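Welcome! Please take a look at the sequence and the structure below, then work through the exercises at your own pace.

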Amino acid sequence: MEIIFGRNRKEQLEPVQATVTGKIPAWLQGTLLRNGPGMHTVGESKYNHWFDGLALLHSFSIRDGEVTYRSKYLRSDTYNANIEANRIVVSEFGTMAYPDPCKNIFAKAFSYLSHTIPDFTDNCLINIMKCGEDFYATTETNYIRKIDPQSLETLEKVDYRKYVAINLATAHPHYDKAGNVLNMGTSIVDKGKTKYVIFKIPATVPEAKRKGKSPWKHTEVFCSIPSRSLLSPSYYHSFGVTENFVVFLEQPFKLDILKMATAYVRGVSWASCMSFHREDKTYIHVIDQRTRKPVSTKFYTDPMVVFHHVNAYEEDGYILFDVIAYEDNSLYQLFYLANLNQDFGENSRLTSVPTLKRFAVPLHVDKNADVGSNLIKVASTRATALKEKDDQVYCQPEGLYEGLELPRINYSHNGKPYRYIFAAEVQWSPIPTKILKYDILTKSSLTWSEECCWPAEPLFVPTPGAKDEDDGVILSAIVSTDPQKPPFLLILDAKSFTELARASVDVDMHLDLHGLFVPDADWDVKASDGYMAPQA
Ligand SMILES: CC1=C(/C=C/C(C)=C/C=C/C(C)=C/C=O)C(C)(C)CCC1
Ligand SMILES: [Fe+2]
């Protein structure tokens, strides 16, 4: 599987015309922008983990039934320093690297020894975030990189820490109707405290208020939740929102700050400083967006590891939220390139299958309810929430579907009742083999698959003026393991899951992670009511 995961990809700097078969809907005009790791060796040095790879941006521009493709490595400081040294000199998730002491650009790295929290990478390989009119490549450190969404050029580096006291931030923000960004990050041992910080980045700031300053200066802290432990905050990859609440899982997959502070001298990676504590609980924090405070009831569930929240919404006094849950952290273990490349079948089995689980949380806990009683009275789910002593509530989810990852929804239903989940079907290995449409109401599903095809995260784009939740198309970049078959952009009708068109390109395409679709209207129209926020 070296060819899919560990091989360096060539950039396609000049836009290349795709060969289109089928018919692309005339209304589908815009650019699918995506991000993911593309380079896993620099000179003689190799990264250990798939998530370490240097960020490779790629885009499919769809105009008048035609498609052009291009790709470009993110020229992060990390990329430039590595290429200049012709070896890996900046540490990533699974690889600890040592800068060349002769070069002072990374002299900062030596402050690793004197600071608790080291300077992290700006290799923003996970997702793309839209802030107002601007686009940023994102990862989970304090750095994001502005990019030009048309040329894929790398622009300025933004350090979140200048605007909000966080060391880590998710690559899966949420957007409200006006395009304001809601994200979460972790502030580590700042003024003697470790906390999870929910913050808001405004989409636009009126010039009078802005006074020529960066809109970033208007980033505001929405709410802070103290970490249960100063030196071992939870790791999280995303969070959920409803119309009035934020759902945050403080899970027993944790970062060990003391281990991180000494990782550099010990020569071990950041990943080795993360561990799953199967003896611990998962705490469910529910934050009221109106009061900006967590609700007082203490909700918890069994230990689990969640990377992707799917959606959350309020119904009859309850919050229902859906996540892709694992029983352990085997997903991150699996993506070590050594596991992916040798004896693929043997080493690349997950020890727990990613499962769609629905949780239900009561917003009002009846003080008179009996200890042990189920507080969930909503008929639409079998999830339970058992009242315990001392105002604690133990939540047990309803398992909905086994073997799916990279979930997407129709984003206009984000935080609201919804019915459909689009995802990649994965069983016990990291290979996505099918694209899935799961109907939560009927619990039925539709799939698309083709021999030798590995689909990327399926993205939903609504038909303009659509009434039905699934009225639109699914876009997915397909990488093929058959050298005779070039990669292609697949366009499915989201209702029937039948193929509308495919746009094949004879390029060296990589397997990506996440991205967004930018309708053409967004290039010229300022954020307006018609703004289609991208999905987390
Ligand atoms: C560099 C770095 C990190 C990077 C994490 C990454 C890159 C995670 C990628 C996750 C993905 C792609 C998940 C998909 O489901 C940490 C651990 C946050 C903290 C230490 C520094
Ligand atoms: Fe993700």
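**Exercise 1: Around ligand 1**

Task: Find which residues come nearest to ligand 1.

Solution: Step one, look at the 17 residues around ligand 1 (those with a heavy atom within 4 Å of it): Ile126, His237, Trp270, His308 and Tyr332 come nearest. Step two, turn to its surface: ligand 1 on its own has 540 Å² of accessible area (Shrake-Rupley method, 1.4 Å probe), and the protein covers 98% of it. Step three, consider the space: what ligand 1 takes up is the largest cavity, where a cavity is a set of points, on a 1 Å grid over the protein atoms alone, where a 1.4 Å probe fits but cannot get out.

A note before going on: this is a predicted model, in which local features need pLDDT of at least 70 and side-chain atom pairs count only at pLDDT 80 or more, while totals for chains, interfaces and linings use all residues. Residues are numbered from 1 along each chain as its sequence is written, chains are lettered from A and ligands numbered from 1 in the order in which they are written, and side-chain values use heavy atoms, with hydrogens and water left out.

**Exercise 2: The iron ion**

Task: Work out which residues coordinate the iron ion (ligand 2), and why the arrangement is irregular.

Solution: Begin with the donors (N, O and S atoms within 2.8 Å of the metal, or 3.2 Å for Na, K and Ca). NE2 atoms of His172, His237, His308 and His514 coordinate the iron ion at 2.0 to 2.1 Å. Next, check the angles: the four donor atoms subtend 92 to 151 degrees, so the arrangement is irregular; four donors would count as tetrahedral if all angles lay between 85 and 135 degrees, or as square planar if opposite donors were over 155 degrees apart and all others between 65 and 115. Along the chain, the donors follow the spacing H-x64-H-x70-H-x205-H. His172 sits in the loop between β12 (168-169) and β13 (174-175), and His308 in strand β24 (residues 305-315), so this pair ties together parts 136 residues apart in sequence. Strands are DSSP runs (E, at least two residues), and helices likewise (H or I, at least four), numbered from the N terminus.

**Exercise 3: Buried or exposed?**

Task: Decide whether His172 and His308 are buried or exposed, then do the same for Asp316.

Solution: Use relative accessible area: under 20% is buried, over 50% exposed, and in between partly exposed (1.4 Å probe, protein chains only). His172 and His308 are both buried. Asp316 has 65% relative accessibility, so it counts as exposed. Asp316 belongs to the loop between β24 and β25 (318-326), and its phi is positive, about 45 degrees, although it is not a glycine.

Conventions. Four donors count as tetrahedral if all angles lie between 85 and 135 degrees; four count as square planar and six as octahedral if opposite donors are over 155 degrees apart and all others between 65 and 115; anything else is irregular. On a 1 Å grid over the protein atoms alone, a cavity is a set of points where a 1.4 Å probe fits but cannot get out, and a pocket is an open set with protein on both sides within 12 Å along at least five of seven lines; lining residues have an atom within 4 Å of a point. A molecule sits in a cavity or pocket if more than half of its atoms lie within 2 Å of its grid points.
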